[in-house]
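Colleague: I have this model open beside my notes, and I'd like to know how you arrive at the labels you use. Could you show me the structure and take me through them?

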Amino acid sequence: MTEEHVMEVKWSGEAVLAERMASAIVEHGHEPQIDTSNGVTNLRLVLYDDDLQSLRDRVDALLVVLSAIEDAHGE
């Protein structure tokens with residue numbers, strides 16, 4: 001039986017920032033889900049891999065990119 005590892009990343013905040021993050025996620029080959037409710041935009045991404053280390057590396061790389069976008073937005 002093959003193992004499957006799953007990581008879900010959720011973020012909530014401003015629509016402008018969510019769109020920037022979503023674009024970066026798409027550039028990395030993933031498809032995020034975005035929805036807005038009560039003025040708050042929610043971003044969700046689910047990643048799958050059969051290798052835990054590979055999944056971790058992909059998630060870590062995305063978190064670095066998303067963190068840089070968030071930091072740049074706050075400046």
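Colleague: Why is D60 called partly exposed?

Modeller: D60 has a relative accessibility of 35%. Partly exposed covers what lies between under 20%, which is buried, and over 50%, which is exposed, so D60 at 35% falls in the partly exposed class. Bear in mind that this is a predicted model, and every value I quote is computed from it.

Colleague: And what makes its pairing with R56 a salt bridge?

Modeller: The side chains of R56 and D60 come to 3.7 Å, N to O. The limit is 4 Å between a side-chain nitrogen of Lys or Arg and a carboxyl oxygen of Asp or Glu, so this pair qualifies with its 3.7 Å. R56 itself counts as exposed, because its relative accessibility is 52% and the class starts over 50%.

Colleague: Why can R56 and D60 meet within one helix?

Modeller: They are four residues apart in helix α2, so about one helical turn separates them. An α-helix has 3.6 residues a turn, so residues three or four places apart point the same way.

Colleague: How many salt bridges are there by this rule?

Modeller: The count comes to three. Another one joins R58 to D49, with the closest N and O atoms 2.9 Å apart.

Colleague: Is D49 buried or exposed?

Modeller: D49 counts as buried, because its relative accessibility is 14% and the buried class is anything under 20%. Its partner R58 has 25%, so R58 counts as partly exposed.

Colleague: What else does R58 touch?

Modeller: R58 lies in helix α2. Leaving out residues up to four places away in sequence, R58 touches H30, L47, Y48 and D49. The C-alpha atoms of R58 and L47 are separated by 8.5 Å, although the two residues are eleven apart along the chain.

Colleague: What makes E8 and R44 a salt bridge?

Modeller: Their closest N and O atoms are 2.4 Å apart, and the limit is 4 Å, so the pair of E8 and R44 counts. This salt bridge links distant parts of the chain, with E8 in strand β1 and R44 in strand β3, 36 residues apart. E8 is partly exposed because its relative accessibility is 37%, and R44 is partly exposed because its relative accessible area is 31%.

Colleague: How do you know that α2 has the length expected of a helix?

Modeller: Helix α2 covers residues 52–74, which is 23 residues. From its first C-alpha to its last it reaches 33 Å, close to the 33 Å expected at 1.5 Å a residue. At the N-terminal end, D51 acts as a cap: one of its side-chain oxygens lies 3.4 Å from the backbone nitrogen of Q53.

Colleague: Which residues of α2 are buried, and what do they pack against?

Modeller: The buried residues of α2 are L55, V59, L62, L66 and I69. They pack against β1 (5–13), α1 (15–27) and β3 (40–49).

Colleague: Which residues have the most contacts inside the largest nonpolar core?

Modeller: They are W11, M21, I25, L43 and L47, in a core of 15 residues. The elements giving two or more residues to this core are α1, β3 and α2, and α1 gives the most, with six. M21 is in contact with W11, L43, L66, I69 and E70, leaving aside its neighbours within four places in sequence. In soluble globular proteins, nonpolar side chains tend to be buried together.

Colleague: Why are β2 and β3 called paired strands?

Modeller: The rule asks for at least two bridges, and five bridges join β2 (residues 33–37) to β3, so the two count as paired. They run antiparallel, and the bridge partner of I34 in β3 is L43. The two strands form a hairpin with two residues between them, and N38 in the turn has a positive phi of about 55°.

Colleague: And what is the overall layout of the chain?

Modeller: The chain has two helices and three strands, following the pattern β-α-β-β-α along the sequence. Of its 75 residues, 28% count as buried.

Definitions and conventions. Residues numbered from 1 in each chain as written. Predicted model: local features only at pLDDT ≥ 70, side-chain atom pairs only at ≥ 80, totals over all residues. Heavy atoms only, no water. Expected span 1.5 Å × (residues − 1). Buried < 20%, exposed > 50% of the residue type's maximum accessible area, 1.4 Å probe, protein only. Contact = heavy atoms within 4.5 Å. Polar contact = N/O pair within 3.5 Å; in protein donor to acceptor, adjacent residues only side chain to side chain. Core = buried A, V, L, I, M, F, W, Y, C linked by side-chain atoms within 4.5 Å.
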